[in-house]
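User: I am new to this structure. Please pick one part for a close look, then work outward from there to the rest of the chain.

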Amino acid sequence: MAFIGVAALCLVGVAGCRRTHGPDVMATVNSKPILRSEVEQLYQNNLGDSQQQPSKEQADIVRLNVLRQLIDEEILMERAAKLNLTATDEEVDNQINELKAPFGEEEFNKRLAAKHLTLDDLKRQIRRSKTEDKLLNKEINSKINIADADIAAYYQRRRCEEED
């Protein structure tokens, strides 16, 4: 009888903490849902035009990796937003123009379609990439400090090792 009471309390506790999400939500990062459609789109992009379909197990592994990538990206995007490091519209537009430069508008659109991307998808990818770069530069790269003397000593040691 005591077991049933404890089990009932556990179920009530779990049900109380559980938030209902739609069937398309695969994960939530700080209240932002990651949708099954996002995972599936990236999964399909990863497959590309490959004629060989992966086994169900392999496909599930790839989808889980895609989901983890999206979770990691969302965490980075939130940190970047907190530090006001989100890529600007101008930065995104400049990158788009650089990508378009070697092609005409029609050829560029054909290439996007071949990759199963819309212009908005590409802009979103560029914004994420540029934002990640800004964040990593601020949080990591800017804190790496290697003195010229350390570099010279490293090359000197390497030269000595090669001579031996």
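Analyst: Helix α7, residues 148–163, supplies three residues to a nonpolar patch, the largest share of that patch. The model is a predicted one. The patch lies on the surface and is made of L136, I140, I144, I146, I151, Y154 and Y155, which together have about 670 Å² of accessible area. One of these residues, I144, sits in the loop between α6 (119–139) and α7.

The patch belongs to a chain with seven helices and two strands. Read from the N terminus, the order of elements is α-β-β-α-α-α-α-α-α. The chain has 164 residues, of which 18% count as buried. Its accessible surface is about 12600 Å², and carbon and sulfur atoms account for 54% of that area. Among contacts with a separation of 6 or more, 63% are between residues 24 or more positions apart.

Helix α6 leads from the patch to helix α3. E139 and R79 form a salt bridge, with their closest N and O atoms 3.3 Å apart. Since R79 belongs to helix α3 and E139 to helix α6, this pair ties together parts that are 60 residues apart in sequence. R79 is partly exposed at 37% relative accessibility, and E139 is partly exposed with a relative accessible area of 27%. A network of salt bridges with shared partners also joins K32, E73, E74 and R128. In the whole structure, a search finds 14 salt bridges.

A81 is another residue of helix α3. Its C-alpha is 9.3 Å from that of L135, although the two are 54 residues apart in sequence. A81 is partly exposed, with a relative accessible area of 46%.

E74, one of the residues in the network, lies in helix α3, which spans residues 56–82. Is E74 buried or exposed? Its relative accessible area is 8%, so E74 is buried, the cut-off being under 20%. Leaving aside residues up to four places away in sequence, E74 touches V29, K32 and R128.

V29 and K32 lead to the strands. V29 stands opposite K32, a residue of β2. Strands β1 (residues 25–29) and β2 (residues 32–35) run antiparallel and are joined by four bridges. Two residues lie between the strands of this hairpin, and N30 there takes a positive phi near 45 degrees. S31 is in the loop between β1 and β2; its phi is near 75 degrees, again positive in a residue other than glycine. S31 counts as exposed, at 63% relative accessibility.

Before the hairpin comes D24, in the loop between α1 (2–17) and β1. D24 and R36 are 12 residues apart in sequence, with 5.0 Å between their C-alpha atoms. Apart from residues up to four places away in sequence, D24 touches I34, L35, R36 and S37. A polar atom of the D24 side chain lies 3.3 Å from the backbone nitrogen of S37. D24 itself is partly exposed, with a relative accessible area of 29%.

Helix α3 carries further salt bridges. R63 pairs with E40, their closest N and O atoms being 2.9 Å apart. E40 is in helix α2 (residues 36–47) and R63 in helix α3, so the bridge ties together parts that are 23 residues apart in sequence. E40 counts as partly exposed at 26% relative accessibility, and R63 is partly exposed with a relative accessible area of 23%. R68 and D72 also meet in a salt bridge, at 3.8 Å from N to O. Both of these residues lie in helix α3, four residues apart, or about one turn of the helix. R68 counts as exposed at 56% relative accessibility, whereas D72 is partly exposed at 35%.

After helix α3, N84 is found in the loop leading to α4. Its phi is near 60 degrees, a positive value in a residue other than glycine, and N84 counts as exposed at 69% relative accessibility.

Helix α4, residues 89–100, includes D89. The side chain of D89 makes a polar contact of 2.6 Å with the side chain of R127. D89 is also 9.1 Å from K123, C-alpha to C-alpha, with their positions 34 residues apart in sequence.

Definitions and conventions: Residues are numbered from 1 along each chain as its sequence is written. This is a predicted model: local features need pLDDT of at least 70, side-chain atom pairs count only at pLDDT 80 or more; totals for chains, interfaces and linings use all residues. Side-chain values use heavy atoms; hydrogens and water are left out. Patches are made of residues with over 30% relative accessible area and no salt bridge: like charges are joined within 9 Å, nonpolar side chains (Val, Leu, Ile, Met, Phe, Trp, Tyr) within 5 Å. Accessible areas come from the Shrake-Rupley method with a 1.4 Å probe; for residues, only the protein chains shown count as cover. A salt bridge is a side-chain nitrogen of Lys or Arg within 4 Å of a carboxyl oxygen of Asp or Glu. A polar contact is a pair of N or O atoms within 3.5 Å; within protein, one must be able to donate a hydrogen and the other to accept it, and residues adjacent in sequence count only if both atoms are side-chain atoms. Two strands pair if DSSP finds at least two bridges between them. Buried means under 20% relative accessible area, exposed over 50%, partly exposed in between (1.4 Å probe, protein chains only). Contact means heavy atoms within 4.5 Å.
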